[in-house]
Amino acid sequence: MNNVALPFESFGVSHRGCVRELNEDSYLVEPETGLWVVADGMGGHDAGEVASASIVDHLATIGIASSAPDLRARFEDRLSRANAEIRRISQSRGVTIGSTVAALLAMDGRFACLWAGDSRVYLIRNGSISQISKDHTEVQELLDKGMISAAEALAWPRRNVITHAVGVSDEIVIDFQQGEIMPGDIFVLSTDGLTAHVTDAEIEAAAVSATPQAACENLLQMVLARGGTDNVTIVLVKIGDGRNGADPGPSRAEG
């Protein structure tokens, strides 16, 4: 099984939202290499944008891997290079900058999701949505320890404080989940600007009822209609059943 046997249809959008002056998010849609990424930069004026762009720019050089393990190795190498570059920029400016990252790697019928921070990866399979990634946030740690309830977490004053990011330390802390790709799978990658305004059920409904492009655009309009308090980036990947011809190839959009 390979990426042609189960074709990918994918699309991405990014928007500064209704409040922020700058868009510090970046994303990458590269179905020909089996890579999709969102990154949410942080660090103040211009710096966050530099951090997220560094991640995407480095990951864009991965090229065609020879195997799924090779793809994973190339991803980790490029992310390490981005981390080092962001660290150098931080030191030269005398400030701490960094970026979340959430990525989907797919090859040979397998997928791997890797992330640092609170950007998310969802999988919609057999009519049910699940969050594959687990937020690296203070509030998630409190939830895991049973110190606060899910209801309290929604209004927790430090709910947006992240505990891991690329560029904030010499060593990168990333988590991953992997599994087998199934025909009909839909992956949704997003920065927290989406999940601040849209529920998991609404993400699922939008993703299953339209093409990736229309779903991304519909979700973006939903966020903007609800106030868009942060930058928002959405990447959606649909896995075909292999009966409709070749891979439709790359597609992207700038918000």
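**Exercise 1. Find out how many salt bridges a search of the whole structure gives, then take one apart.**

*Solution.* A search of the whole structure turns up ten salt bridges. Keep in mind that you're looking at a predicted model.

Step 1: Let's pick Asp 70 and Arg 74. Their closest N and O atoms are 2.9 Å apart. The cut-off for a salt bridge is 4 Å between a side-chain nitrogen of Lys or Arg and a carboxyl oxygen of Asp or Glu, and this pair forms one.

Step 2: Now look at where the two sit. Both belong to helix H2 (residues 68-93), and because they are four residues apart there, about one helical turn separates them.

Step 3: Check the surroundings. Buried means under 20% relative accessible area, and exposed means over 50%. Asp 70 has 21%, so it counts as partly exposed. Arg 74 has 23%, so it is partly exposed too.

**Exercise 2. Work out which parts of the chain the salt bridge between Arg 120 and Asp 135 ties together.**

*Solution.* Step 1: Start with the distance. The closest N and O atoms of Arg 120 and Asp 135 are 2.7 Å apart, and the two form a salt bridge.

Step 2: Place each partner. Arg 120 is in strand S7 (residues 120-125), while Asp 135 is in the loop between strand S8 (128-131) and helix H3 (138-144), so the pair ties together parts that are 15 residues apart in sequence.

Step 3: Buried or exposed? Arg 120 and Asp 135 are both buried.

**Exercise 3. Describe the salt bridge between Asp 144 and Lys 134, and then find a network.**

*Solution.* Step 1: The side chains of Asp 144 and Lys 134 meet at 3.2 Å, N to O. This pair links distant parts of the chain, ten residues apart: Asp 144 is in helix H3, and Lys 134 is in the loop between S8 and H3.

Step 2: With a relative accessible area of 47%, Asp 144 is partly exposed. Lys 134 has 41%, so it is partly exposed as well.

Step 3: Now for the network. Asp 77, Arg 78 and Arg 81 are joined into one by salt bridges that share partners.

**Exercise 4. Say where Leu 236 sits and what it touches.**

*Solution.* Step 1: You'll find Leu 236 in strand S11 (residues 232-239).

Step 2: Its relative accessible area is 0%, so Leu 236 is buried.

Step 3: Leave out residues up to four places away in sequence, and Leu 236 still touches a whole list, including Glu 9, Phe 11, Val 188, Pro 212 and Cys 216.

Step 4: Try a C-alpha distance as well. Leu 236 and Gln 213 are 23 residues apart along the chain, and their C-alpha atoms are separated by 7.9 Å.

**Exercise 5. Decide whether the radius of gyration agrees with a compact globule or disagrees with it, and sketch the whole protein.**

*Solution.* Step 1: For 255 residues, a compact globule would have a radius of gyration near 18 Å; the protein has 17 Å, which agrees.

Step 2: The C-alpha trace spans about 50 × 40 × 35 Å along its principal axes. Seven helices and eleven strands make up the list of elements.

Step 3: Of the 255 residues, 50% count as buried. Among contacts with a separation of 6 or more, 71% come from residues 24 or more positions apart.

Step 4: Finish with surface and charge. About 11,200 Å² is exposed, with carbon and sulfur atoms supplying 50% of it. There are 20 positive and 35 negative side chains, and the centres of the two sets lie 2 Å apart.

Notes. Residues are numbered from 1 along each chain as its sequence is written. This is a predicted model: local features need pLDDT of at least 70, side-chain atom pairs count only at pLDDT 80 or more; totals for chains, interfaces and linings use all residues. Side-chain values use heavy atoms; hydrogens and water are left out. Helices (H or I, at least four residues) and strands (E, at least two) are DSSP runs, numbered from the N terminus. The radius of gyration is taken over C-alpha atoms; the globule rule is 2.2 Å times the number of residues to the power 0.38. Buried means under 20% relative accessible area, exposed over 50%, partly exposed in between (1.4 Å probe, protein chains only). Contact means heavy atoms within 4.5 Å. Accessible areas come from the Shrake-Rupley method with a 1.4 Å probe; for residues, only the protein chains shown count as cover. Lys and Arg count as positive and Asp and Glu as negative; His and the chain ends are not counted. The place of a charge is taken as NZ of Lys, CZ of Arg, CG of Asp or CD of Glu.
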